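Dear colleague,

I am passing on to you the structure we spoke of, with the sequence alongside, and would be glad if you could look through it with the notes below at hand.

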Amino acid sequence: MEHQGRRERKKAEVRARISDVATGLFLERGFDEVSVSEVAEAADVARPTVFAHFARKEDLFFDRYPEAEALVVAAINDRPDGTSAVAALSDLLIKLSDQGHPLSTIRARFRRFWEVVAESRALQARARELLQHLEEAIAEAMEHTGVPDPQLTAALTVAAVRTVHLEAIRRILAAEDETVVAADYRTRLITTLATIAELHD
């Protein structure tokens, strides 16, 4: 058991090192200008090791997606009695935003991250795929916890969050005051998701 724990910690450390190195290179030079081989060399690992931890090059950039999905699913599955699934998601997203959490990205320090995404069609395509995966995970959690019409509720929720989030990102990219952007994002998210919760959850 102890040996297995050490091995898992080592794997996590290697994954984190590869991710950190890749992110640094992507932010510096742009996603399409950096090869997986360059990432492997800079991280001091073999190229197959990179793909052992990340199925696709794009996943090196969106390395925190598994964490995001886990948080969202847990928010639905572990919500208190009397709290709707959509309200639980709203509470989670507001908490992440208020904390300036990296998974929220509604802050000026994440501007370069979104510039890199805007420069790469491959990243944009992968972002759409991951959003679809997230919607499916949300629908499954909603169905598991008895939400009526979970597929529709999940689709409406994800569409609303995406719209509000992208508007905030556009404003961040335009160098608007992050405090104002975050406050507007908070208000719009609460209002929009409350409407969905009232009608569909």
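What follows is a short account of one helix, the nonpolar core, one buried residue and the empty spaces.

Please keep in mind throughout that this is a predicted model.

I begin with helix 5, which runs over residues 65–77 and whose 13 residues reach 18 Å from the first C-alpha to the last, close to the 18 Å expected at 1.5 Å a residue. Its buried residues are Tyr65, Ala68, Val72, Ala75 and Ile76, and because they cover an arc of only 100° around the axis, they lie on the same side of helix 5. The partners against which these buried residues pack are helix 6 (85–99) and helix 8 (121–144).

Turning to the interior, the largest nonpolar core has 56 residues, and those with the most contacts inside it are Ile18, Ile138 and Met142. The largest share of this core, 8 residues, is contributed by helix 9, which spans residues 150–173. If residues up to four places away in sequence are not counted, Ile18 touches Val39, Ala43, Val45, Thr49, Val50, His53, Phe54 and Leu60.

Helix 9 also holds Thr157, which counts as buried because its relative accessibility is 2%, against a cut-off of under 20%. With residues up to four places away in sequence again left out, Thr157 is in contact with Val86, Leu89, Met142, Leu193 and Ile196; Met142 is also among the residues with the most contacts inside the largest nonpolar core.

As for enclosed space, the count comes to 1 cavity of 30 Å³ or more, and the largest cavity holds about 40 Å³. Its lining is made up of Val164, Glu167, Ala168, Arg171, Val181, Asp184, Tyr185 and Arg188, and the elements that give two or more residues to this lining are helix 9 and helix 10 (178–200).

The largest pocket, by contrast, holds about 1,400 Å³ of space. Of the 43 residues that line this pocket, Phe62, Leu103, Thr105, Trp114 and His165 are the closest to its centre. Two or more lining residues come from each of helix 1 (2–29), helix 5, helix 6, helix 7 (111–119), helix 8 and helix 9, and helix 9 gives the most, with 9 residues.

With best regards

Notes: Residues numbered from 1 in each chain as written. Predicted model: local features only at pLDDT ≥ 70, side-chain atom pairs only at ≥ 80, totals over all residues. Heavy atoms only, no water. Helix = DSSP H or I, 4+ residues; strand = E, 2+ residues; numbered from the N terminus. Expected span 1.5 Å × (residues − 1). Buried < 20%, exposed > 50% of the residue type's maximum accessible area, 1.4 Å probe, protein only. Arc of directions from axis to C-beta. Contact = heavy atoms within 4.5 Å. Core = buried A, V, L, I, M, F, W, Y, C linked by side-chain atoms within 4.5 Å. 1 Å grid on protein atoms, 1.4 Å probe; cavity = no way out; pocket = protein on both sides within 12 Å on 5 of 7 lines; lining within 4 Å. Points joined across faces, edges and corners; volume = space filled by probe spheres on them.
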